[in-house]
Amino acid sequence: MNSWIAPSILAADFARLGAEVDDVVAAGADLVHFDVMDNHYVPNLSVGPLVLESLRRHGVAVPVDVHLMVEPVDRLIDDFLAAGADYISVHPEATGHPHRSLSLIREGGAKAGVVLNPGTAVAVVEPLIDVVDLVLVMSVNPGFGGQAFIPSSLDKVAAVRRLIDASGRAIRLEIDGGIKVDNIGAAARAGADTFVAGSAVFGVPETHASRADDYRAVLDAMREQV
Ligand code: DX5
Ligand code: ZN
C-alpha cells in the first residue's frame, strides 16, 4: 500500500482555513485529517460538519479523513456522510455498539476506521476486522495537537500490522499524534502506511515565498523518510 500523509487541520489557521487547505494540498497532502472534538469524549472543542461542508463548497476535492472524538457517535455519522467525508473513524469506547457504528459508515458509502487510544488493547480490533477499512493508532491521548509522541505506540502499530496482514484485507494503518520528520520513518518501519501530522506541518515557520512552499518542504522531508 502506498504511503499517505494526512495533515491535520487542527493546527491550521482557522481564520483562513480554505486557503490553508488549498496550500497543503498544493504541497502534496494525500488526504486532509479532520479532527472533531466535543468537550465530552475529549476535553476540547473543535469543528463540526458545517465546516467540512464549507471546505467542499470552497472546492476542496482531496479525500477527507474525519476523526470523530465525540460521544455519542452515530447521529453525527450521517451528518459527516452528507458533508462529504471519505473516511470516518470512531473510538470504540465512545459508542455503545462499535460494529453498528462502523457498519453505518460503510452503508453510507464512506470508509470506516476504528481508533485505538494509547490505553486501548489491540484485541478490540479483532471482532471488527471485517467491517473496517482503516485502523488508527493514537500515538498521543486524543484531545489536543502538539503533544509528545508516545514511543510504545510503535509496538502497537507492529501488532496491528500483524493483525491486518493475517486478515488478508486491504486495511490502511494510520498513526496520529506527535508525528514529525524525525519519527515518521520509525512509524513506517513499524508498519504504518498513513501518517497524520498537525503541528509539524501547519506549525512550520515561514521561511519560503509562500505557505504552500513551507508546507511542501515539510511534506517532502517526511516523504523521504517513509
Ligand atoms: C489529537 C488529534 C490529532 C492532532 C495531531 O487528538 O487526533 O490528529 O491534530 O496533532 P499533532 O500532529 O500536532 O500531534
Ligand atoms: Zn486525529
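**Notebook: the largest pocket and ligand 1**

I began with the make-up of the wall and noted that, sorted by class, twelve nonpolar, eleven polar and three charged residues form the lining of the largest pocket. I keep in mind throughout that this is a predicted model.

Next I looked up how much room there is, and the largest pocket holds about 210 Å³ of space. Its lining counts 26 residues, and those closest to the centre of the pocket are Phe144, Gly145, Gly146, Asp176 and Gly177. I then asked which elements build this wall, and found that β2, β3, β8 and α7 (199-202) each contribute at least two residues to the lining of the largest pocket.

What takes up this space? I checked the ligand against the pocket, and the space taken by ligand 1 is the largest pocket. For the shell around ligand 1, the elements that give two or more residues are β2 (32-37), β3 (64-69) and β8 (194-197). Of the elements, β2 gives the most to that shell, with three residues.

I turned to the individual neighbours of ligand 1 and listed 20 residues around it, of which Asp35, Gly143, Asp176, Gly198 and Ser199 come nearest. By class, I recorded eight nonpolar, ten polar and two charged residues in the shell around ligand 1. Asp176 thus enters my notes twice, as one of the residues that come nearest to ligand 1 and as one of those closest to the centre of the largest pocket.

For polar contacts I went through the oxygen atoms of ligand 1. An oxygen atom of the ligand lies 2.8 Å from a polar backbone atom of glycine 143, and for glycine 146 I read a distance of 2.8 Å between an oxygen atom of ligand 1 and a polar backbone atom. On the side-chain side, an N or O atom of histidine 67 is 3.2 Å from an oxygen atom of ligand 1. I also looked up the cover of the ligand: ligand 1 taken alone exposes 380 Å², and the protein buries 99% of that.

Finally I checked the backbone for unusual geometry and entered two places. The peptide bond that runs from glutamate 71 to proline 72 is cis, its omega being near 0°, and I located proline 72 in the loop between β3 and α3 (74-83). Asparagine 39, although it is not a glycine, has a positive phi of about 55°, and I found this asparagine in the loop between β2 and α2 (49-58). Both loops therefore went into my notes beside the strands β2 and β3, which belong to the elements listed for the shell around ligand 1.

Methods:
Residues are numbered from 1 along each chain as its sequence is written. Chains are lettered from A and ligands numbered from 1 in the order in which they are written. This is a predicted model: local features need pLDDT of at least 70, side-chain atom pairs count only at pLDDT 80 or more; totals for chains, interfaces and linings use all residues. Side-chain values use heavy atoms; hydrogens and water are left out. A residue is near a molecule or strand if one of its heavy atoms lies within 4 Å of it. A polar contact is a pair of N or O atoms within 3.5 Å; within protein, one must be able to donate a hydrogen and the other to accept it, and residues adjacent in sequence count only if both atoms are side-chain atoms. Accessible areas come from the Shrake-Rupley method with a 1.4 Å probe; for residues, only the protein chains shown count as cover. On a 1 Å grid over the protein atoms alone, a cavity is a set of points where a 1.4 Å probe fits but cannot get out, and a pocket is an open set with protein on both sides within 12 Å along at least five of seven lines; lining residues have an atom within 4 Å of a point. A molecule sits in a cavity or pocket if more than half of its atoms lie within 2 Å of its grid points. Helices (H or I, at least four residues) and strands (E, at least two) are DSSP runs, numbered from the N terminus. Ala, Val, Leu, Ile, Met, Phe, Trp, Tyr, Cys and Pro count as nonpolar, Asp, Glu, Lys and Arg as charged, and the others, Gly among them, as polar. Grid points are joined across faces, edges and corners, and a volume is the space filled by probe spheres set on the points.
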